[in-house]
Amino acid sequence: PTILRQDYTPYPFRIPTVDLTFDLAPGLTQVHSRLSVERIHPEAAPLVLNGEALNLISISIDGHVLSPEHYQLDDHQLILHPEKAAFTLEIISTCRPAENTSLMGLYQSGHSLFTQCEAEGFRRITWFADRPDVMSRYTVTLQADKTQFPHLLSNGNLLHHQALPDGRHQAVWEDPHPKPCYLFALVAGDFDCREKTITTRSGRQALLQVYCDKGDYPRTAWALDCLERSVLWDESRFNLELDLDRFMIVAARDFNMGAMENKGLNIFNSAYVLADAQTATDASFEAIESVIGHEYFHNWTGNRITCRDWFQLSLKEGLTVFRDQEFSADMMARGLPDSAALSARTVKRIDDVTALRTAQFPEDAGPMAHPIRPDSYQEIGNFYTATVYEKGAEVIRMQHTLLGEPGFQAGMAEYFRRHDGQAVTCDDFVNAMDSVYRQQAPGKDLAAFRRWYAQAGTPRVSVDLQYDPQTAQCVLTLSQRCDPVGVEKLQNPAVAKPPLHIPFALGLLGADGSPILLETDGLSGETLVLDLTQTTQTWVFKNVTQRPVPSLLRNFSAPVIVEYNYTDEELALLARKDPEPFSRWEAGQSLATRCLLAMAGKQGQSGTAKAAIDLLAATWADIAGDASLSPAYKTRVFTLPSERVLLEKMSPINPPALALARRALRRQLGQALQDTWQTLYDDMCATLDGQTYSPDAASAGARALKNCALAYQVAATVSGALERAERQYYNADNMTDRMGGLTPLVNHAPEDVKTRALAHFYDQWQANPLVIDRWFALQATASSTTVADVQALMAHPAFTLRNPNRARSLVFQFCLNNIQGVYCEAGYAFWAEQVMALDQINPEIAARLARAFDHWGRLVPKERQAIKLQLEKIMQRPSLSRNVYEIISKALTL
Ligand code: ARG
Ligand code: ZN
């Protein structure tokens with residue numbers, strides 16, 4: 001059944017207090033729920049409670065047990081017809097955590113018990129109004145065996161803890177903040193804990209704790225440090241203070257997503273908690289910082305103000321991603337002088353935009369396309385998407401661009417003034433921002449801007465630039481369009497989508513790369529943010545004394561695709577000289593993209609590509625020698641766009657051709673720039689020499705550039721490069737360098753060298769599941785890996801589909817990222833098999849894998865046909881989950 005946004009109705013009851021008692025055991029857990037219920041609407045609406053995979057023991061109202069004729073019960077709902085306006089409802093039920101492989105609700109992971117309730121997991125714990133607009137005060141009593149489960153945790157404050165007979169014990173927790181049930185959490189297990197007491201801005205003491213499996217304690221220092229920095233940052237940048245006496249993070253090995261912001265008790269995928277030099281890469285340290293920040297920032301944007309319904313998911317997710325992006329950028333720029341700070345922030349911006357183009361642009365072009373505030377869904381678990389999260393963050397960022405930092409902060413303050421403690425909508429957020437914007441910019445408002453919440457698809461902005469040397473005027477015309485996508489195509493293909501408000505930042509450069517002062521409509525500056533609000537709009541710039549080269553969409557000021565016919569030479573000029581570092585990087589990427597598409601398009605006649613490749617190599621050589629650029633920034637410049645980003649620019653899509661072209665270009669650039677790579681490698685080794693490992697942005701950047709140079713040398717089979725990679729692998733004192741050595745070996749070394757290194761790696765790290773995930777992922781993505789190789793790896797004793805991280809490391813990595821291995825009939829059949837196998841275990845994870853070929857309809861005909869057969873095969877399977885059904889049925893009809 002399809003749920004529609006327009007069908008929202010308020011819940012007819014309030015549930016001010018929830019009192020839960022758990023008798024915890026992995027096999028069978030008993031839950032005693034005591035709810036105070038008050039009718040809001042006088043009409044006799046029934047009390048409808050959600051419940052799934054539960055076993056009912058008893059129901060009573062005000063102490064009177066109900067007999068079955070007084071309620072209706074099916075697999076999804078419990079319906080009661082209470083006569084009183086206020087009463088106490090008690091429900092006793094059981095559930096089976098050890099059998100719960102969906103990892104939603106209460107489940108076992110290792111020897112511990114965890115919960116995951118967002119979006120609709122609480123209904124697997126007890127019958128309840130499982131929707132975010134019903135907010136209650138929770139008191140939770142946990143009882144369990146004391147030796148098996150020495151730690152019993154839930155939201156809020158520990159009221160008391162005592163021993164019970166028979167080796168059991170009890171903990172009582174009370175959360176003073178009313179919350180929707182999706183923020184409920186409990187954890188029971190035997191953990192190590194690292195903790196620290198901090199003083200918040202107003203002088204309150206708060207206890208910060210990080211819990212992990214016994215033995216992982218040495219890998220929790222970074223997480224606790226990140227948490228403390230998150231608390232301080234939210235105080236200083238957003239004026240938001242921790243509202244709890246105690247804030248806990250717990251690492252779980254089995255977890256569907258990254259982490260969960262349960263009030264005061266965040267539960268994390270252990271991949272986003274555990275790190276030390278030996279086992280985690282720089283990228284992991286960085287990801288941990290951003291996810292810890294993200295969940296902490298939810299405490300205000302998500303928990304204090306939550307969503308009215310799940311269509312509003314981007315209200316909390318887009319905003320919180322924006323906040324975590326800014327947190328990471330501020331951390332990277334910390335302590336640097338202004339110019340270096342800008343380049344450090346730009347590195348983060350490049351990574352975020354790359355993530356958007358890798359995951360969100362394809363989504364916006366495929367069968368699952370949806371606005372950041374969807375209008376309908378079948379399964380909400382399918383809408384924790386790059387669109388809701390990453391494009392949602394871009395929509396917040398545009399508001400930040402339009403209002404400026406002080407205006408945006410004023411808008412945030414207004415949002416909290418109006419809505420603290422409420423469950424609200426995306427409109428409520430924009431209303432708060434709009435109230436500030438109207439004051440700041442009389443005559444303007446966010447009316448056209450709001451369409452970003454309603455329209456799917458990536459808009460295209462085409463640019464026309466006319467220069468008249470006689471009048472020294474430059475006429476710029478911007479035109480926007482956004483073709484129907486996804487369901488829009490079915491529902492109303494002819495309807496023109498109204499224009500969006502696009503903040504379009506640009507600059508103009510002279511032929512020597514020097515900035516030109518822009519003067520138009522009373523605005524002037526080297527960068528202007530134009531308000532594109534119409535389908536087509538024109539600006540005239542005065543006093544332009546030479547033909548300019550435009551630097552477009554600076555800092556990626558809007559999530560759009562820009563169309564402008566640059567010459568290769570203009571792109572090279574921008575890549576060398578644009579003073580705005582994002583556009584500078586972008587120009588280099590565009591030039592590389594041209595080379596790759598030309599190579600993939602016409603394998604034989606590569607005459608035109610040859611000139612572009614030479615220009616690209618010459619440009620890179622200059623950039624390599626530019627002392628004003630950081631190693632981290634250079635690494636981004638020297639990273640070719642990924643296949644997944646490039647696929648979107650091809651029509652029809654021919655993935656194997658693209659993969660071959662990319663490999664060939666890497667080899668050519670490796671050869672053409674041999675001396676450059678050697679110099680960079682040596683320089684970075686010298687920079688890092690004698691330092692003990694630290695994950696800070698500067699040393700991470702040096703390692704990244706060193707390993708990038710090494711990878712090019714190996715790709716180009718430069719003599720001695722393989723041996724250098726091998727030496728680096730065996731001698732490394734940190735995981736980043738270890739992987740920097742091993743990755744090129746696995747992709748290029750002779751079989752015996754590769755096998756020896758992989759065996760050594762497994763032997764060294766077999767006790768650490770997060771490191772073994774890397775071992776699987778590395779092999780899954782190696783270009784020589786075939787379906788048969790992956791099947792052999794699945795038979796390895798360390799492999800299991802039940803652990804999401806492990807499934808992701810092998811099956812997802814192969815299906816999503818091994819372009820050379822998976823685009824064949826055997827690859828598609830393997831994918832379909834794994835989707836169906838996973839669906840029996842964990843529908844949410846299965847539905848993610850089901851999306852691997854969302855772009856199938858745009859592929860070359862032969863591949864398209866082969867994938868269609870597999871989609872139909874999955875579709876015919878009886879008892880598909882709602883999750884997978886929604887994905888596959890949309891893929892087949894759109
Ligand atoms: N709210 C969490 C976060 O973004 C994500 C939880 C999603 N859970 C799920 N099962 N879909 O931080
Ligand atoms: Zn989130």
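1. Ligand 1 and its shell. In this predicted model, 14 residues surround ligand 1. Those that come nearest are E118, N256, M257, G381 and Y384. Two elements, β20 and α2 (282-298), each give two or more residues to this shell. By character, the shell around ligand 1 holds five nonpolar, four polar and five charged residues.

2. The five-strand sheet. β20 also belongs to an open sheet with the order β17-β18-β19-β21-β20. Pairing in this sheet is mixed. β17 (191-199) and β20 (259-260) are the edge strands. Each has a single partner strand, so one side of each lacks a neighbour in the sheet.

3. How β20 is held in the sheet. Which strand pairs with β20, and in which sense? The partner is β21 (residues 265-269), and the pairing is antiparallel over two bridges. A259 has F268 in β21 as its bridge partner. As general background, strands of a sheet pair through backbone hydrogen bonds, either parallel or antiparallel.

4. The helix across this sheet. Helix α1 (residues 221-238) lies across three strands: β17, β18 (205-213) and β19 (246-252). Against β17, helix α1 runs at about 30°.

5. The four-strand sheet. A second open sheet to check has the order β10-β11-β16-β13. Its pairing is antiparallel. β10 (105-109) and β13 (151-154) stand at its edges. Each of these has a single partner strand, so one side of each is left without a neighbour in the sheet. On average, neighbouring strands here are turned by 15° against each other, direction ignored.

6. Inside that sheet. β11 (residues 112-116) and β16 (residues 186-189) pair in the antiparallel sense. Two bridges join them. L113 stands opposite A188 in β16.

7. The annotated domain. An unreviewed UniProt entry carries the annotation "domain: Peptidase M1 membrane alanine aminopeptidase" for residues 222-448. Over residues 222-448, the chain is 58% helix and 9% strand. The end C-alpha atoms of this stretch are 43 Å apart.

8. The whole chain. How many helices and strands does the protein chain have? There are 26 helices and 34 strands. The C-alpha trace spans about 90 × 70 × 60 Å along its principal axes. Does the radius of gyration agree or disagree with a compact globule? For 894 residues, such a globule would have a radius of gyration near 29 Å. The protein chain has 28 Å, which agrees.

Note on methods
Residues are numbered from 1 along each chain as its sequence is written. Chains are lettered from A and ligands numbered from 1 in the order in which they are written. This is a predicted model: local features need pLDDT of at least 70, side-chain atom pairs count only at pLDDT 80 or more; totals for chains, interfaces and linings use all residues. Two strands pair if DSSP finds at least two bridges between them. Two residues are in contact if their C-beta atoms, placed from the backbone, lie within 7 Å. Axes are lines fitted to C-alpha atoms, for helices over the stretch in contact, and angles run from 0 to 180 degrees between N-to-C directions. A residue is near a molecule or strand if its C-beta atom, placed from the backbone, lies within 6 Å of it. Ala, Val, Leu, Ile, Met, Phe, Trp, Tyr, Cys and Pro count as nonpolar, Asp, Glu, Lys and Arg as charged, and the others, Gly among them, as polar. UniProt positions are given in the numbering used here, feature names are shortened, and annotations may be inferred rather than shown by experiment. The radius of gyration is taken over C-alpha atoms; the globule rule is 2.2 Å times the number of residues to the power 0.38.
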